[in-house]
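This report examines selected local features, a surface pocket, the nonpolar cores and two helices. Please read it alongside the sequence and coordinates shown here.

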Amino acid sequence: MSEATRTAPVGEYGIRKDRIARMLKDETASGGLVTTSLHPGHIVGPGWHPVGPLGNIDPTVWYTLSAGQPLRIPGVGVESMHHVHADHVAQAFERAVEHRDAAAGEDFNVVAPTALNVRGYAHTAAGWFGQTASLEPVTWEQFRQTTPPDHAEVSWEHLYRSHCLTIEKARTLLDYAPRYEPETAVLESVRWLIAHDELKVARPLVD
């Protein structure tokens, strides 16, 4: 999705972010403060709890996948999520400063080169533990009945949007060059959390 064709925001968080970005853009266009808006995806890396295959940060999802247990997935399973390594967010800030004139009054997607979808992400994550994902498709109503309300709502807001964004504008104007694919970045998060006893899993990661 390009910046020019960005869809309407969903949820209070998204709506407020959109308002801020528009306010900043108008401020620069009117001759006021020079601003730039960066729109990162789901940030991951050491110390970050990653948005998981169900579009939320419920830690039990990782235990389920590591144990090879059935995982209930809402929707059709092709909804996408677009992650970004924290180092690349920092890189985008640096490049925006370095290319101040090109960045003035602009907004940029800051994400990994590719995105993940629910099914592919779940299968990849299960494989990190030597397991094969056992996925059970359910309706959103069924999903909400067995998922804590806060996690279910986050899943809905993330998966409903099904983010798959382009970084071409950031590449062209800022020389933004992310080197982490989303799978590698998420695995780095998971590995760090397990090593620091912040994530309970049934089996160790397969090296």
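T28 belongs to helix α1, which covers residues 11-29, in what is a predicted model. With a relative accessibility of 17%, T28 falls under the 20% limit and therefore counts as buried. Beyond its neighbours within four places in sequence, T28 contacts L33, V34, T35, A104 and G105. T28 and E106 are 78 residues apart along the chain, and their C-alpha atoms are separated by 9.0 Å.

**The second largest pocket**

V34 and T35, contacts of T28, also appear among the residues that line the second largest pocket. The volume of this pocket is about 260 Å³. Its lining consists of K17, V34, T35, T36, S37, L38, H39, P40, F93, A96, V97 and R100. Two or more of these residues come from each of β1 (37-40) and α3 (86-98). β1 makes the greatest contribution, giving four residues to the lining. By residue class, the lining holds six nonpolar, four polar and two charged residues.

**Two buried positions: H42 and A112**

H42 is located in strand β2, residues 42-44. Its relative accessibility is 12%, under the 20% limit, so H42 is classed as buried. Leaving out residues within four places in sequence, the contacts of H42 are V51, M81, H82, H83, V84 and H158.

A112 is placed in the loop between β6 (107-110) and β7. Its relative accessible area is 2%, so A112 is buried as well. The contacts of A112, again without neighbours within four places in sequence, are H82, H83, V84, I167, Y180, E181 and P182. H82, H83 and V84 therefore appear in the contact lists of both H42 and A112. A112 and the pocket-lining residue K17 lie 95 residues apart along the chain, with their C-alpha atoms separated by 20 Å.

**Nonpolar cores**

Which residues have the most contacts inside the largest nonpolar core? They are W62, L65, L71, W128, V186 and V190, in a core of 32 residues. At least two residues of this core are supplied by each of α2 (60-67), β3 (70-74), α5 (118-127), β8 (134-138), α6 (140-146), α7 (149-161) and α9 (182-195). Taking L65 as one of the residues with the most contacts, its partners beyond four places in sequence are P53, L71, A122, A125, A126, Q131 and A133. A second core, separate from the other, has 14 residues, including V111, I167, A170 and Y176. I167 is also one of the contacts of A112.

**Helices α7 and α9**

The end C-alpha atoms of α7 are 18 Å apart; this agrees with expectation, because its 13 residues at 1.5 Å a residue should span 18 Å. The buried residues of α7 are H151, A152, S155, E157, H158, L159 and R161. H158 among them is in contact with H42. S162 follows α7 and has a positive phi, near 45°.

The length of α9 agrees with expectation too: at 1.5 Å a residue, its 14 residues should span 20 Å, and its end C-alpha atoms are 20 Å apart. In α9, the buried residues are P182, A185, V186, L187, S189, V190 and L193. V186 and V190 among them are also listed with the most contacts inside the largest nonpolar core, and P182 is in contact with A112. Elements covering the buried residues of α9 include β2, α2, β5 (83-85), β7 (116-117) and α5.

**Positive phi values**

Three residues with positive phi are set out below.

| Residue | Phi | Place |
|---|---|---|
| S162 | near 45° | following α7 |
| D175 | near 60° | loop between α8 (168-174) and α9 |
| D197 | near 55° | segment after α9 |

D175 and D197 each carry this positive value as a residue other than glycine. Are these two positions buried, partly exposed or exposed? D175 has a relative accessible area of 46%, which means that it is partly exposed, between the limits of 20% and 50%. D197 has a relative accessibility of 71%, over the 50% limit, and is therefore exposed.

Methods. Residues are numbered from 1 along each chain as its sequence is written. This is a predicted model: local features need pLDDT of at least 70, side-chain atom pairs count only at pLDDT 80 or more; totals for chains, interfaces and linings use all residues. Side-chain values use heavy atoms; hydrogens and water are left out. On a 1 Å grid over the protein atoms alone, a cavity is a set of points where a 1.4 Å probe fits but cannot get out, and a pocket is an open set with protein on both sides within 12 Å along at least five of seven lines; lining residues have an atom within 4 Å of a point. Grid points are joined across faces, edges and corners, and a volume is the space filled by probe spheres set on the points. Ala, Val, Leu, Ile, Met, Phe, Trp, Tyr, Cys and Pro count as nonpolar, Asp, Glu, Lys and Arg as charged, and the others, Gly among them, as polar. Buried means under 20% relative accessible area, exposed over 50%, partly exposed in between (1.4 Å probe, protein chains only). Contact means heavy atoms within 4.5 Å. A nonpolar core is a set of buried Ala, Val, Leu, Ile, Met, Phe, Trp, Tyr and Cys residues joined through side-chain atoms within 4.5 Å. The expected span of a helix is 1.5 Å times one less than its number of residues.
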